[in-house]
Amino acid sequence: MIYVSTHHHHQQACSIIKIDILNQEYTVYYVGTNLGRIYKIVQYYRNGESLSKLLDIFEIATNEAIQVMEISQTRKSLYVATDHRVKQIDLAMCNRRYDNCFRCVRDPYCGWDKETNTCRPYELDLLQDVGNETSDICDSSVLKKKIIVTYGQSVHLGCFVKIPEVLKNEQVTWYHHSKDKGRYEIKYSPTKYIETTERGLVVVSVNEADGGRYDCHLGGSLLCSYNITVDAHRCTPPNKGNDYQKIYSDWCHEFEKYKTAMKSWEKKQAQCSTRQNFSNQHPNEVFRKNIV
């Protein structure tokens, strides 16, 4: 069960709410800024030490100073006012703010449902780890993709389409599990491994040694994982007579398709050329009989 009490500090555009989950008290601060943003921060004690972390950033009204904030326990909402507008924010905005387990389990209002892979308002049967005590709590819910890459192709791996504002300053680390080297940390370089603005990874000019699993970690937690298979079939010489015959047959088939397409194109070009010549002979010409 969640027990709630509220405190308000209107002069600083700050609202505070306390949540008690399984005898662990969390204090959630909503701090408004002059630029129209609200910072959601959780504070708690662990072994007598006060700890805090930034959970989320809400864009309320660009460049409008937030003047007043008020929490409604009955509606479970935060009301925010600037000089020009009033907005309502749900306190437990789980599924609409967190699309992955990593962020969901760190919000005391929310919990991750392993069955549906969704973030929901916290209940006892959901995953939650506000204090980040169990780094592998989300491993079974992590996005895992398999990709087949052609030899020489470059491939982009990423956990986010757009990285959340609260994670932009966090350290993201990529690891490669290869057959030859085992697990090792990837070091960025302009010729092989390039980091994207959204903390993704581009592997340049893939070869057979680049095959294997790629894991992305943030703060010790797994964010996403890719398994790459390198298709080097077209770049590897055949080693059997049957392979030569098959490849020769494939090339002949492709060449026949090319010849058919070429003939079709030439026929259409000839038709277009005939129409164009006819058009050039009579540009808006008015036909009339000669008077005898």
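1. Two strands are said to pair if DSSP finds at least two bridges between them. With that term in hand, the following points concern a predicted model and begin with strand E18.

2. Strand E18 covers residues 221–231, and eight of these eleven residues are buried, so the strand is largely enclosed by the rest of the structure. A residue is called buried when its relative accessible area is under 20%.

3. Which strand pairs with E18 in the parallel sense? Strand E11 (residues 143–150) does, over eight bridges. One residue pair may be located directly in the structure: Lys145 has Tyr226 of E18 as its bridge partner.

4. E17 and E18 run antiparallel and are joined by seven bridges. Here Tyr226 of E18 appears again, as the bridge partner of Tyr214. Tyr226 is thus a useful place to begin when viewing E18, as the bridge partner of both Lys145 and Tyr214.

5. The connection between E17 and E18 is a hairpin, with two residues between the strands. Gly219, in the turn, has a positive phi of about 60°.

6. Most residues other than glycine have a negative phi. Two residues of the model should be noted in this respect. Asn117 has a positive phi, near 55°, and Ser205 also has a positive value, near 50°.

7. Where do these two residues lie? Asn117 is in the loop between strand E9 (110–113) and strand E10 (118–121), while Ser205 is in the loop between strand E16 (201–203) and strand E17 (212–218). Asn117 counts as partly exposed because its relative accessibility is 43%; Ser205, at 40%, is likewise partly exposed.

Notes
Residues are numbered from 1 along each chain as its sequence is written. This is a predicted model: local features need pLDDT of at least 70, side-chain atom pairs count only at pLDDT 80 or more; totals for chains, interfaces and linings use all residues. Side-chain values use heavy atoms; hydrogens and water are left out. Helices (H or I, at least four residues) and strands (E, at least two) are DSSP runs, numbered from the N terminus. Buried means under 20% relative accessible area, exposed over 50%, partly exposed in between (1.4 Å probe, protein chains only).
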